[in-house]
Protein chains: 2
Amino acid sequence: MRLSELSRVSGVPTPTIKFYLREGLLSPGLRTHTNQAQYDQGHLHRLRLIRALLDIGGLSLAAIGDVLAALAASGTGPGRLLRTARQPALGTTPGQADGPATSEVLALVQRQGWRVSPDDPAIEAAAEVLDALRRLGRHDFAERLDAYARAADTAAASDVEALDRCADIAGMEEALIIGNVLGERLLAALRRLAQTHHLRERVPLGRGTTLRN
Amino acid sequence: MRLSELSRVSGVPTPTIKFYLREGLLSPGLRTHTNQAQYDQGHLHRLRLIRALLDIGGLSLAAIGDVLAALAASGTGPGRLLRTARQPALGTTPGQADGPATSEVLALVQRQGWRVSPDDPAIEAAAEVLDALRRLGRHDFAERLDAYARAADTAAASDVEALDRCADIAGMEEALIIGNVLGERLLAALRRLAQTHHLRERVPLGRGTTLRN
């Protein structure tokens with residue numbers, strides 16, 4: 001299809017697609033004339049991926065570039081999947097955590113029986129959040145780590161189970177990236193719904209107070 | 001304390017604090033001389049909140065302004081908490097979902113027995129993510145919604161339980177905001193760890209392949 005049709009089908013304006021082409025986020029089409037190129041289903045899929053990571057995942061264009069570069073990287077072994085699960089651009093922030101919080105997360109990992117490396121960047125990322133929560137006076141999260149870990153494990157087991165349907169490692173890797181970024185938004189929205197429900201159940205209401213709206 | 005000490009204790013540079021003061025994110029200190037003001041523990045706490053929402057929550061300054069404005073809004077009834085749980089700036093995106101995905105989320109809410117309003121913005125937010133996943137060929141999420149809902153419920157029950165320790169509605173509201181934004185980052189990091197564990201357990205390894213690193 002031509003650029004105009006790619007724009008129509010994807011709903012992404014032509015100048016935006018041209019920008020992604022210039023930035024290298026989207027690979028060039030097959031040149032058919034001097035100033036005309038053909039695009040295929042692969043381009044359409046990639047365009048949808050970029051928009052989903054941007055609009056719903058809230059990733060920056062730089063972070064999306066990192067994600068796409070990782071997808072394009074060579075290597076087809078299952079080790080790639082583990083590297084993907086840990087990718088910093090996918091939300092794990094560079095660690096600045098000090099000792100105690102890191103030890104707490106390591107202890108949690110042990111209690112959960114999770115087979116992960118002690119230098120997994122997600123451990124530092126979790127510790128950093130714990131530290132920030134504590135600086136804000138929220139000491140309760142340290143005790144609630146196990147509830148969060150159970151929640152995380154339920155979602156992650158489903159994420160990994162779903163990879164069985166993928167044809168190859170590259171497909172699994174894309175599924176993992178999409179699932180991580182968009183799945184996080186899904187989990188966040190569902191958590192809000194569940195919070196609203198539990199708030200209605202637990203928070204004592206004053207007489208005559210309704211929780212409507 | 002003076003501005004220089006507030007900067008030292010919080011680790012936030014003086015020009016940045018002055019910027020937050022100009023933008024109204026931080027309330028003015030108590031003026032003691034023509035060009036000198038005193039700041040208290042409230043300022044320090046607010047400054048830590050801004051930095052946590054910014055650095056760890058990844059919120060924009062505009063979104064942080066919305067969150068802080070909501071915290072300052074009048075009203076002390078429990079209805080405030082429900083509005084807080086739904087606040088768009090806290091990650092639920094404006095809905096663009098069409099019919100089918102919304103019905104799927106509504107059916108999920110019913111299966112879970114969650115008492116939430118059918119026009120809760122988090123329903124549209126979840127539906128929008130489902131739609132985007134489907135456009136990317138990830139139809140499996142529709143079947144995995146219940147696993148995600150269980151995960152969300154586990155975390156949310158813990159979130160709401162923790163509110164019991166707060167002294168008043170204002171304290172609960174801040175706890176909910178901090179818990180939502182930072183708790184999401186914590187949940188994300190723990191999900192990566194759990195994924196790594198489940199990947200190691202499930203993905204078949206080729207002969208001689210190690211998953212180390």
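Both Arg144(B) and Asp159(A) are buried. In this predicted model, their side chains form a salt bridge, with nitrogen and oxygen 3.1 Å apart. The bridge runs between chains, since Arg144(B) belongs to helix α8 (residues 140-162) of chain B and Asp159(A) to helix α8 (residues 140-162) of chain A.

**Salt bridges around Asp159**

Asp159(A) has a second partner in chain B, Arg191(B), and the closest N and O atoms of this salt bridge are 2.6 Å apart. This pair also crosses between chains, from helix α9 (residues 169-202) of chain B, where Arg191(B) lies, to helix α8 of chain A, where Asp159(A) lies. Arg191(B) and Asp159(A) are both buried.

Asp159(B) takes part in a network of salt bridges together with Arg138(A), Asp140(A), Arg144(A) and Arg191(A).

**Other salt bridges**

Over all chains, the whole structure holds 24 salt bridges. Across the interface of chain A and chain B, twelve salt bridges are found. One further pair joins Arg185(A) to Glu184(B), with the closest N and O atoms 2.7 Å apart.

A salt bridge within one chain is that of Arg51(B) and Asp55(B), whose closest N and O atoms are 3.4 Å apart. Both residues lie in helix α3 (residues 41-56) of chain B, where four residues, about one turn of the helix, separate Arg51(B) from Asp55(B). Arg51(B) has a relative accessibility of 25% and therefore counts as partly exposed. Asp55(B) is also partly exposed, because its relative accessible area is 43%, and the band for that class runs between 20% and 50%.

The salt bridges described one by one are set out here.

| Salt bridge | Closest N to O distance |
|---|---|
| Arg144(B) and Asp159(A) | 3.1 Å |
| Arg191(B) and Asp159(A) | 2.6 Å |
| Arg185(A) and Glu184(B) | 2.7 Å |
| Arg51(B) and Asp55(B) | 3.4 Å |

**Aromatic pairs and the arginine over the ring**

A pair of aromatic rings is described by the distance of the centres and the angle of the planes. The count of such pairs comes to four over all chains. One of them is formed by Phe141(A) and Tyr148(A): the ring centres are 5.7 Å apart and the planes stand at 65°, so the pair is edge-to-face. An angle over 60 degrees is what places a pair in that class. Phe141(A) and Tyr148(A) are both buried.

In chain B, the rings of Phe141(B) and Tyr148(B) likewise have centres 5.7 Å apart and planes at 65°, so this pair too is edge-to-face. Phe141(B) has a relative accessible area of 0% and is therefore buried. Tyr148(B) counts as buried as well, because its relative accessibility is 0%.

Phe141 also has an arginine over its ring. In chain A, Arg144(A) lies over the face of Phe141(A), at 4.1 Å from the ring centre. In chain B, Arg144(B) lies over the face of Phe141(B), at 4.1 Å from the ring centre. Arg144(B) is thus placed over a ring of its own chain and is also bridged to Asp159(A), because a nitrogen of its side chain comes within 4 Å of a carboxyl oxygen.

**The interface as a whole**

Between chain A and chain B, 94 residues of chain A are in contact with 94 residues of chain B. The area buried between the two chains is about 9000 Å², and carbon and sulfur atoms give 67% of this area. Leu136(A), Arg192(A) and Leu193(A) supply 9% of what chain A buries against chain B, more than any other three residues.

One residue with contacts across the interface is His197(B), in helix α9 of chain B. Outside its neighbours within four places in sequence, His197(B) is in contact with Gly113(A), Trp114(A), Arg115(A) and Val116(A). His197(B) counts as buried because its relative accessibility is 10%.

**How the two copies are related**

Two copies of a chain are related by a rotation about an axis and a shift along it. Here, a rotation of 180° with 0.0 Å of shift along its axis superposes chain A on chain B, with an RMSD of 0.0 Å. The two copies are therefore related as by a two-fold rotation axis. In chain A, the C-alpha nearest the axis belongs to Ala151(A), 2.0 Å from it. Of the interface residues of chain A, 100% are also interface residues in chain B, so the copies meet through the same surface.

Notes. Residues numbered from 1 in each chain as written. Chains lettered and ligands numbered in written order. Predicted model: local features only at pLDDT ≥ 70, side-chain atom pairs only at ≥ 80, totals over all residues. Heavy atoms only, no water. Least-squares fit on C-alpha atoms with pLDDT ≥ 70 in both. Contact = heavy atoms within 4.5 Å. Phe/Tyr/Trp six-rings, centres within 6.5 Å; stacked < 30°, edge-to-face > 60°. Buried < 20%, exposed > 50% of the residue type's maximum accessible area, 1.4 Å probe, protein only. Lys NZ or Arg CZ within 6 Å of the ring centre and 35° of its normal. Helix = DSSP H or I, 4+ residues; strand = E, 2+ residues; numbered from the N terminus. Buried area = accessible area lost by both parts, 1.4 Å probe.
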